[in-house]
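Open the model in your viewer and set it to cartoon. This tour goes stop by stop, and each stop says what to select next.

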Amino acid sequence: MPKKLLLTLITATWLSSATYAISKDVNQMTQDQLNVLSTVKNMTQSFHNGDLSGVMRSYETTAAVAFEPGAITTDTSKIKEAFQGAITLNPKFDYAGHEVIVSGDLAIHIAPWTMQAQMPDGQKVEQSGLS
């Protein structure tokens with residue numbers, strides 16, 4: 001069975017058997033969902049302020065981060081290095097909505113984003129993705 005399909009089946013099974021809250025509308029989010037959204041907003045503001053420590057405080061010490069599809073790392077030094085590289089570009093992030101799913105002590109934040117930045121040589125950088 002392909003890994004993606006297996007993950008999809010596990011996720012679907014988990015969600016169907018869990019007590020969870022899901023919302024895209026900030027006005028209808030539970031307090032737990034609002035806490036997750038607050039963490040994301042604080043992390044984003046830390047990026048905007050060039051505050052690597054603030055960005056890192058948004059992540060668990062055992063976080064797994066995928067900077068590219070299929071390239072997941074749990075190495076804190078690599079995560080810091082990648083975020084520091086992003087910070088040097090003075091990124092500005094915008095989100096096209098937030099979806100937050102909370103089940104027990106686990107949460108998933110899903111949001112399409114765009115980022116505008118500038119390379120040291122002045123070249124503009126624009127990226128987009130889904131977090």
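**Stop 1: a facing pair**

Select D94, which stands opposite T114 in β7. Keep in mind throughout that this is a predicted model. Now show β4 and β7 in full. These strands run antiparallel, and 4 bridges join them.

Add β8 to the selection. Which order do the 3 strands of this open sheet take? The order is β4-β7-β8, with antiparallel pairing. Look at the edges next: β4 and β8 stand there, each with a single partner strand, so one side of each has no neighbour in the sheet. From one strand to the next, the twist averages 15 degrees. Strands of a sheet pair through backbone hydrogen bonds.

Stay on β7 and pick M115, which lies in this strand. Is M115 buried or exposed? It is buried, because its relative accessible area is 7% and the cut-off for buried is under 20%. Now add P91. M115 and P91 are 24 residues apart in sequence, yet 6.3 Å apart in space, C-alpha to C-alpha.

**Stop 2: the whole chain**

Zoom out. The chain has 4 helices and 8 strands. Follow the cartoon from the N terminus: the elements run α-β-α-α-β-β-α-β-β-β-β-β. Of the 131 residues in the chain, 27% are buried.

**Stop 3: two hairpins**

Select β2 and β3. Strand β3 covers residues 71-73 and pairs with β2 in the antiparallel sense over 3 bridges. Click V65: its bridge partner in β3 is T73. Then go to the turn. This hairpin has 2 residues between the strands, and G70 takes a positive phi near 80 degrees.

Move on to β5 and β6. Here the antiparallel pairing extends over 5 bridges. I101 stands opposite I108 in β6. The hairpin of β5 and β6 also has 2 residues between the strands. In this hairpin, G104 takes a positive phi near 60 degrees.

Now select β5 alone, residues 99-103. How many of its 5 residues are buried? The count is 5 of 5. Turn the strand to check both faces. E99, I101 and S103 are on one side, V100 and V102 are on the other, and all are buried.

**Stop 4: the salt bridge**

Show the side chains of R57 and D51. They meet in a salt bridge, at 3.8 Å from N to O. A search of the whole structure finds 1 salt bridge. Compare the two ends. R57 is exposed, with a relative accessible area of 62%. D51 is partly exposed, at 29%.

**Stop 5: the largest pocket**

Switch on the surface. Rolling a probe the size of a water molecule over the atoms shows where empty space is left. The largest pocket has a volume of about 2000 Å³. How many residues line this pocket? There are 42, and Y59, A64, V65, H109 and S131 lie nearest its centre. You have already met V65, the bridge partner of T73.

Colour the lining by type: 29 residues are nonpolar, 9 polar and 4 charged. Then colour by element. Those that each supply at least two residues of the lining include the helices α1 (3-17), α2 (31-49) and α4 (76-87). Strands do so too, among them β2 (65-68), β6 (106-110) and β8 (124-130). Your starting strands, β4 (92-95) and β7 (112-118), are on this list as well.

How values were computed:
Residues are numbered from 1 along each chain as its sequence is written. This is a predicted model: local features need pLDDT of at least 70, side-chain atom pairs count only at pLDDT 80 or more; totals for chains, interfaces and linings use all residues. Side-chain values use heavy atoms; hydrogens and water are left out. On a 1 Å grid over the protein atoms alone, a cavity is a set of points where a 1.4 Å probe fits but cannot get out, and a pocket is an open set with protein on both sides within 12 Å along at least five of seven lines; lining residues have an atom within 4 Å of a point. Grid points are joined across faces, edges and corners, and a volume is the space filled by probe spheres set on the points. Ala, Val, Leu, Ile, Met, Phe, Trp, Tyr, Cys and Pro count as nonpolar, Asp, Glu, Lys and Arg as charged, and the others, Gly among them, as polar. A salt bridge is a side-chain nitrogen of Lys or Arg within 4 Å of a carboxyl oxygen of Asp or Glu. Buried means under 20% relative accessible area, exposed over 50%, partly exposed in between (1.4 Å probe, protein chains only). Two strands pair if DSSP finds at least two bridges between them. Axes are lines fitted to C-alpha atoms, for helices over the stretch in contact, and angles run from 0 to 180 degrees between N-to-C directions.
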